[in-house]
Structures are given as structure tokens and as C-alpha cells.
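Let's take a walk through this one together. Have a look at the fold below, and we'll start from the inside.

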Amino acid sequence: MSSLLLRPRLLTRGGRALSLLGGGRGASDSLSGVHPVARRSIIDLSYSAHFMDFAGSSIPSSMSKLVVTKLSPDFREAVCVQSVAVPTPGDAELLVRNRFVGINASDINYSAGRYDPSLKPPFDAGFEGIGEVVGLGLSASSRYTVGDNVAYFRSGAFAEYTVVPAKECVPVPAVKPEFLTLLVSGATAYIAMKRLGDLAEGETVLVTAAAGGTGQFAVQFAKQAGCHVIGTCSSNEKAGFLKSLGCNRPINYTTEDLAKTLRKEYPKGVNVVYESVGGSVLEVAVNTLANKGRLIVIGFISGYQTPSGIPQFRGGTLPVKLLQKSASMRGFFLPHFYSDYREALSSMMQMFATGKLVCEVDYGDQAEGGRFVGLESVFRAMDYMYSGKNLGKVVVEVAPPAVSNSKL
Ligand SMILES: NC(=O)c1ccc[n+]([C@@H]2O[C@H](COP(=O)([O-])OP(=O)(O)OC[C@H]3O[C@@H](n4cnc5c(N)ncnc54)[C@H](OP(=O)(O)O)[C@@H]3O)[C@@H](O)[C@H]2O)c1
């Protein structure tokens, strides 16, 4: 079959023609009783089963993906690489050839079955990807075409190809991993700060895991709101990075005692905490809240690798502490804030385009074994993040850019 016939725009036309002919034939024929002159036969292109990627190269019949085969917070134990058929997009779906996928601390909560207890293995891993559309269904072709660059936040991203509903995709100007940093990490900081932070100019904000995927954005949004920002991290290199983002007081907790430093330098306490670590760090954060302080629970990574997933927290006197300070603790979980999502993304993309937002990506160049390239390196990337080595958002390059062999 001619490759031209397989191009989606033609498929769209073909699709419309099919439906017009399908609706019209019986109707007009039976109404008029006139038999038209010989029609061209209708070729069922089976649009969703035939597609080519934008470079004109065939999509392989099989691909690799990461599948959770056993519930465990030990990612290596829970997940394995499988070779499967490349999936076919349905009518309203896109087939995305993933170029980069993002690593999230919660990938191991997902592999441990903590997000959705009804989900039983095997199920697909990975939350976010960016790449090119290489195939699509008919109704999806009203908004997208083969070769479009898209990003998405959806399970099943740790794969060479992922089928994504078109309505869940975000068009991006280029397949840059910087855009990938915005989907979960950036959006979490943007929406949590906006909806739950109630930041006012001149307030003091403490961000924990500040040099990581989401922390880097919390620091920047707090600075943009005119706040004084304190950020915790585990190395001088990260502290330098935080300074470069405008963080007023990076605290490397491996060389400075966090609780003592906060008590000494911020005797009135802090107004807002963006807290990702949990356990003893959460205790310090609660103790450092100012009157009417707001503590946003973003995560508790220090417990994720344990069987319960929850770090120890001595919270017996928590109600007393909150009451005495008229302070509050509020939880934030991104999927509960979908109504804010589009606005958050477009605002952040605008900021990035105009140089007002740093989206730091960690490709693993400093990791043992080097840059994270290929799906198998998701395992190394996860180890790297959990050893606290990452600076910025951890990203894995799934595939190099396609080399065109198109003769179109
Ligand atoms: N609620 C939501 O919707 C949502 C969405 C996205 C992320 N999150 C949460 O945000 C937090 C950060 O996630 P991320 O994906 O952006 O990761 P990340 O910050 O890029 O990486 C994790 C960082 O956490 C720090 N850390 C502190 N204690 C740790 C420990 N015991 N084990 C491992 N790391 C530790 C490390 O930085 P230092 O060594 O510099 O301390 C490490 O680099 C997590 O708690 C995650 O669950 C929540």
C-alpha cells in the first residue's frame, strides 16, 4: 500500500469520506430510487491499524516496556522489562513514541500498589513522557497529526511507545526534556503554592528536598511571590544550584543541623513549608511554623522504601502545636487538582519560553554507569534518585531522535 495513503490527513479525509458515503448511500439511493453510476469501491483503510511514523520509517511490531509484576517498594524487585506488541491507538487516542520519560519519587509507591489498591499486577509503570505522535485514531486526527510533539501525564510511560488519549496530551513546541519537568514536578509546585500556600510578599517559605524535581519549582514560585526562601539539600553543589535559583538560605543538612539553624536564624518561625521528606524533617518543619503558618504535605520520601511507605512521625502533640500557633497542615495530591492543570502548564511553559523559569534536568551524567539512556536505565535512575544524588528532575532518554528515511 502506498505510504501516502497512510498519512493521517489523508486518513482523516478518507474517514470523512467513509462516513459520508456510508450515511449517504443508503439514504439517497433508497430515497431517489436512482442507482448511481459505478462507485469507486470503498477501501477500508482500518485507519487505526495502519500508521507510519513521521519519518516514514516503519513502526516495529514489538517494543520494550516496564511492567510491575509484583507489588513491592523495591523497584527492581517489582518491575521487569517485557517485550510486547506495539499497541494500536483507538479512535480518540495517539500512539506516542517516547523520547524522554520522567522519574518520580512516587514511581515506587505505584509499584508497591499504594496508589490504587484495586490495581493488581501486571500493570504498566511510569507517569510521564514526551515524544512524537507516530500514529493516531480518526477523531484524534482532528487535533493532532503524525509528527506532532506531545507530552503527557499518564501511567504506562516507561515504554518505547505509549497509547495516550488525545485529550490527555499537551502539545509542546519541541521534544525537550525541560517540558517534561513541568508535567508533574512543576505542576505540583505551581498548584500547591497557588491553592494551598496563600503566599504573601515578605513571608518566609521553607522548601525541603529543594534541589530536586519539584523542589526547584517551589523555590522559584515562592521567590516570584516575593518571599524569603530557605531550601534544604544534601550537598554543596545543590546549595550552589539553589543560590542560582534565588534561594536566600540553602541549608546543606549534611553539614549544618537543620533544626538548630532554623531556630537560630528564624526565631519567629516560617510562614509556609513545602514538605516532601516526612519523618524527622516533618517534625522539624512543624516545630518551625510561625503563627498562622501553613505546612503543605507534598510527600514523605524518607518512608517510601519501607514496607509501610510511611516514615515514623511523633505526632502526638501535633494538635496542640497547631492550635497554639493557629497553624495548619494541608495535604496536596496532584490528581485532585486537574481543574488547575491546564492553566498551570500553559503559564509555566510561557515562563520557560521567556526565560523566567529554570527547568533543571538531571540526565544522570554524574551517575555510576553514566547518562540514563534506554528503558533499562530507569532502574539506575531510580537508585540514583533514592541515593539523593539528583540535582533537578531525573530524566531518562528512551530513544534517540528518529532518523528520517522518508522519501515523501
Ligand atoms: N503530592 C503530589 O502530588 C506530588 C507530586 C510530585 C512529587 N511529590 C513528592 O515530592 C517529593 C519529591 O519528589 P520528586 O519526584 O520531585 O523527587 P526529587 O526531589 O527529584 O528527588 C528526591 C530528593 O529527595 C531528597 N531526600 C530527602 N530524604 C530522602 C530519603 N530518605 N531518601 C531519598 N531522597 C531523599 C533528596 O534530596 P536531598 O538529598 O538534597 O535531600 C532527593 O534528591 C516526594 O516526596 C514526592 O512524593 C508529590
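What follows goes through the nonpolar cores and then a small sheet.

Keep in mind that this is a predicted model. Its largest nonpolar core has 95 residues, and L94 and F158 have the most contacts inside it. Helix α4, spanning residues 177-197, hands over the largest share of that core, with 12 residues. Where does this core sit? Domain 1 (11-24 + 46-175 + 360-397) and domain 2 (183-353) both give residues to it, so the core lies between them.

Now zoom in on F158. Leaving aside residues up to four places away in sequence, F158 touches a set of residues including L66, F75, V101, I103, L375, V378 and M382. Charged names turn up on the list of contacts too: K65 and D107 are there. Another core lies apart from the largest one; this other core has 17 residues, with Y266, V284, A285 and L318 among them.

On to the sheet. Three strands make an open, antiparallel sheet in the order β2-β1-β4. That leaves β2 (79-85) and β4 (123-124) as the edge strands, each pairing on one side only. Strand β1, residues 62-68, pairs with β2 over seven antiparallel bridges; across that pairing, M63 stands opposite V84 and V67 has C80 as its bridge partner. Towards β4, strand β1 is joined by two bridges, again antiparallel, and here V67 stands opposite D124.

So how buried is β1? Six of its seven residues are buried, so β1 is largely enclosed by the rest of the structure.

Methods
Residues are numbered from 1 along each chain as its sequence is written. This is a predicted model: local features need pLDDT of at least 70, side-chain atom pairs count only at pLDDT 80 or more; totals for chains, interfaces and linings use all residues. Side-chain values use heavy atoms; hydrogens and water are left out. A nonpolar core is a set of buried Ala, Val, Leu, Ile, Met, Phe, Trp, Tyr and Cys residues joined through side-chain atoms within 4.5 Å. Buried means under 20% relative accessible area, exposed over 50%, partly exposed in between (1.4 Å probe, protein chains only). Helices (H or I, at least four residues) and strands (E, at least two) are DSSP runs, numbered from the N terminus. Domain bounds come from an automatic or database domain assignment. Contact means heavy atoms within 4.5 Å. Two strands pair if DSSP finds at least two bridges between them.
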